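Let's walk through this one together, a piece at a time. Have the viewer open and follow along.

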Amino acid sequence: MMNILNIMLSKTLGGLEQSYIDYQKALEHLGHNTIAVYHPKAAIKSAILRKHRSTLKLSNVGSWDLLATLKLAVIIKMYKIDIIIAHGNRAITLSRRANFLKSCKIIAVTHNYRQKVSLVDAVFATTPHLQLDAINRGAKSDQTFVIPNMIDMSRAVTRRRFTSKKLCIGALARCVEKKGFSVLIHALAQLKERGLDFEAILAGDGIQIKEYRSLSRSLGLTDIISFPGWVTDKEKFFNSIDIFCLPSLHEPFGITLLEAAKHSVPIVATETGGPKAIITDNIDGKLCRPGDPNDLSVALQQTLLDSLKRQSYARNAHQGIALVYAIDNIAFKIDAALNAVSNTSCRANSIPAAADQDH
């Protein structure tokens, strides 16, 4: 049993934040003494407090916040931490500075290609491509492990029913350029021009949401596309759509693909790093070229018009993808990697109770 500090200091919503919560579940499932450290203004604060036993808030104003560094150093010593699992560059940098006595090991989880990996003890990469990228940027090859993101399959969800109603295409992502919403909107305009009868829900929020709404209006899609903002009820969202689309220009992983598979929703995604590692084209879903509205519209049209294909994609993804990436399965990969990272025997003493204290 190890004393583990799982830290994420982002305030926003997205895949990194969901992964952080899933890591906490996996570590608790394994029986490790684990503390979740987070920013007091984190958007996922309520989820952390609702789902996890030992939590600590760490106020900070940036990666070089001296006071936050000292507070984190106290936490490391007080709770006799063996390993820190850090999500995001701010968490990685503060952890490295706080661990000036080298009393524990630091693992950086690479959620994208910008994570700082050269000065940590080990790296957990979510795909083989991210693993290679981390090694090329200075990570230790023998201490870089492929640990995919995961999905909680413990709670059963209602099986989808495919009906003859107007079909709905859904997307869920942060509204930033790399997520490809503008490409998707142009693809949807092409589908409308071809006379297809459908509707679309583009869920999410971010700096470009106004731009996407404006583009939708200019292309005459206001009667087809709705923009509900960020979705908190994932089950309701996935049960309201018939096809899930991930149109990313660059996608390191794509946790929403696992969520769609969990809810048995057929997937159309771009052939980028994460989706290529998760989906087998024409088996678990349909892949198309990134940044190409023509190719995306063809993939969506084929999936819209073929009910048997939709059912096949949904069934295969639910049975294969979701189970491979289930928290219970990934937890064992995490545990094996933790044991490999820890060169010395871990302390047997338990972490003192940490009931959401301020630090």
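**A lysine to start from**

Lysine 276 lies in helix H10 (residues 273–278); helices here are DSSP runs of H or I with at least four residues, strands are runs of E with at least two, and both are numbered from the N terminus. Before going on, some housekeeping: this is a predicted model, where local features need pLDDT of at least 70, side-chain atom pairs count only at pLDDT 80 or more, and totals for chains, interfaces and linings use all residues. Residues are numbered from 1 along each chain as its sequence is written, and side-chain values use heavy atoms, with hydrogens and water left out.

So, is lysine 276 buried or exposed? Neither, quite: with a relative accessible area of 48%, lysine 276 is partly exposed. The scale calls a residue buried under 20% relative accessible area, exposed over 50%, and partly exposed in between, using a 1.4 Å probe and protein chains only. Setting aside neighbours within four places in sequence, lysine 276 is in contact with Glu271 and Leu287, contact meaning heavy atoms within 4.5 Å. Serine 46 is 230 residues away from lysine 276 in sequence and 33 Å away in space, C-alpha to C-alpha.

Leu287 falls within strand S13 (286–288), an edge strand, and strand S10 (225–226) is the other one: each pairs on one side only. Their sheet is open, with six strands paired in parallel in the order S10-S9-S8-S11-S12-S13. Two strands count as paired if DSSP finds at least two bridges between them. Strand S11 (residues 243–246) and strand S12 (residues 267–270), for instance, share three bridges, and leucine 246 has alanine 269 in S12 as its bridge partner. Helix H6 (residues 181–193) packs on the sheet and touches strand S8 (167–172), strand S9 (198–203), S10 and S11. The direction of H6 makes about 170 degrees with that of S9; axes are lines fitted to C-alpha atoms, for helices over the stretch in contact, and angles run from 0 to 180 degrees between N-to-C directions.

Now for another set of parallel strands. S5 pairs with S6 over four bridges, and S6 pairs with strand S7 (residues 144–146) over three. Alanine 125 in S6 stands opposite threonine 110 and also has valine 146 in S7 as a bridge partner. Strand S6 (residues 122–125) is covered on both faces, with Ala122 and Phe124 buried on one side and Val123 and Ala125 buried on the other. In a regular strand the side chains alternate between the two faces of the sheet.

Ala122 and Val123 turn up again among the residues that line the largest cavity, including Asp121, Lys140 and Thr144. That cavity holds about 40 Å³ of space. A cavity, on a 1 Å grid over the protein atoms alone, is a set of points where a 1.4 Å probe fits but cannot get out, and lining residues have an atom within 4 Å of a point. Grid points are joined across faces, edges and corners, and the volume is the space filled by probe spheres set on the points.

Finally, look at the loop between helix H4 (89–98) and strand S5 (105–110), where asparagine 99 lies. Asparagine 99 is buried, at 4% relative accessible area, and its contacts beyond four places in sequence are Ile76, Cys104 and Ile106. Lysine 102 is found in the loop between H4 and S5 too, but counts as exposed at 68%. Its phi is near 55 degrees, a positive value in a residue other than glycine.

Terms used. On a 1 Å grid over the protein atoms alone, a cavity is a set of points where a 1.4 Å probe fits but cannot get out, and a pocket is an open set with protein on both sides within 12 Å along at least five of seven lines; lining residues have an atom within 4 Å of a point.
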